[in-house]
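Trainee: Could you take me slowly through one part of this fold, strand by strand? I would like to see how the pieces are put together, and then what lies elsewhere in the chain.

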Amino acid sequence: MPKSETAPTCPICGPALLAYLQQSPARLARWAALPRLALQRGQVLLRAGETPAALWWVEQGLLRASFLDASGRERNHAFYPEQQWLGLPGPPQTSPVSLEALEPSRLCVLPYAALQQWQAEEPGLAELLWQGLSAQVQRLTAREQQCLMLDAGQRYQRFLAEEPELARRLKQRQLASYLGITDVALSRIRRRLREQAGLSL
């Protein structure tokens, strides 16, 4: 299996965001004052074709981005667990995907109006957000490369190696859709890997 590339680092995702906020008490207080949004399992945050009015930060839970393919079948595009951004920091754009909560979730809501004011007061924030977006785009590009260069079994093994915690939280059909295969094909891959593991003991 081709060697995995080092994942790009986002300077304003995960623990890096908390470190950034803690550099300034006023910045931390501003973040704490932002509205929060609670989502139930299965609740849709955004539908494809809609234009969001905010960025969201996943404080708790798990969301997925999905779209309909040419045959009308729903495909999973990406998953967003805790400490991930949803949305783009630039001008509001129509979303090509729908966003839905797979688990009860809580999001921090950063309205674009508040973001623009924050960026005006802290010019460096815009650069950090775009670096975060660049890291996300690179991750998606790496995934597209895997789809082209790896077979289904290799893609599954790569996902397990890179996202073990997320793999435990997803249902088989959700993961199969993300990998671009059927539930049956994923079941066969899992059975083959279990058999191979048994033979190696």
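Mentor: Happy to! One definition to begin with: two strands count as paired if DSSP finds at least two bridges between them. Please also keep in mind that this is a predicted model.

Let's look closely at the open sheet, which has 4 strands in the order β2-β7-β4-β5 and antiparallel pairing. The strands at its edges are β2, residues 44–46, and β5, residues 74–80; each has a single partner strand, so one side of each is left without a neighbour in the sheet. From one strand to the next, the twist averages 30 degrees. As general background, strands of a sheet pair through backbone hydrogen bonds, either parallel or antiparallel.

Now walk across the sheet from the β2 edge. β2 is joined to β7, residues 98–101, by 2 bridges, and these two strands run antiparallel. Within that pairing, L46 has L99 of β7 as its bridge partner. Moving on, β7 pairs with β4 over 4 bridges, again in the antiparallel sense. Here L99 turns up once more, as the bridge partner of A65. That residue is a handy landmark on your screen, with L46 as a partner and A65 as another.

The last step takes you from β4, residues 63–68, to β5: 6 bridges join these antiparallel strands. Two of the pairs are easy to pick out: F67 stands opposite R75 in β5, and S66 has N76 in β5 as its bridge partner. β4 and β5 form a hairpin with 5 residues between them, and G72 in the turn has a positive phi of about 85 degrees.

Go back to β2 for a moment and follow the chain onward. The loop between β2 and β3 contains G49. Leaving out residues up to four places away in sequence, G49 touches T94 and S95. G49 is also 6.1 Å from P96, C-alpha to C-alpha, although the two are 47 residues apart in sequence.

For what lies elsewhere, start with the largest nonpolar core, which has 20 residues; I12, W31 and W85 have the most contacts inside it. At least two of its residues come from each of α1, β3, β8, α3 and α4, and α4 supplies the largest share, 4 residues. Setting aside neighbours within four places in sequence, I12 is in contact with L17, Y20, W57, W85, L125, L128 and L129.

Finally, look at a pair of helices. α1, residues 15–22, packs with α2, residues 25–32, at an angle of about 125 degrees, with the axes 6 Å apart. That angle makes α1 oblique to α2. The contact is made by L17, Y20, L21 and Q22 on the α1 side, and by R27, L28 and W31 on the α2 side. Sorted by class, the residues of this contact are 5 nonpolar, 1 polar and 1 charged. If you highlight W31, you will find a residue that takes part in this helix contact and is also among those with the most contacts inside the core.

Note on methods. Residues numbered from 1 in each chain as written. Predicted model: local features only at pLDDT ≥ 70, side-chain atom pairs only at ≥ 80, totals over all residues. Heavy atoms only, no water. Axes fitted to C-alpha atoms, helices over the stretch in contact; angles between N-to-C directions. Parallel < 35°, antiparallel > 145°, perpendicular 65-115°, else oblique. Contact = heavy atoms within 4.5 Å. Nonpolar A, V, L, I, M, F, W, Y, C, P; charged D, E, K, R; others polar. Core = buried A, V, L, I, M, F, W, Y, C linked by side-chain atoms within 4.5 Å. Buried < 20%, exposed > 50% of the residue type's maximum accessible area, 1.4 Å probe, protein only.
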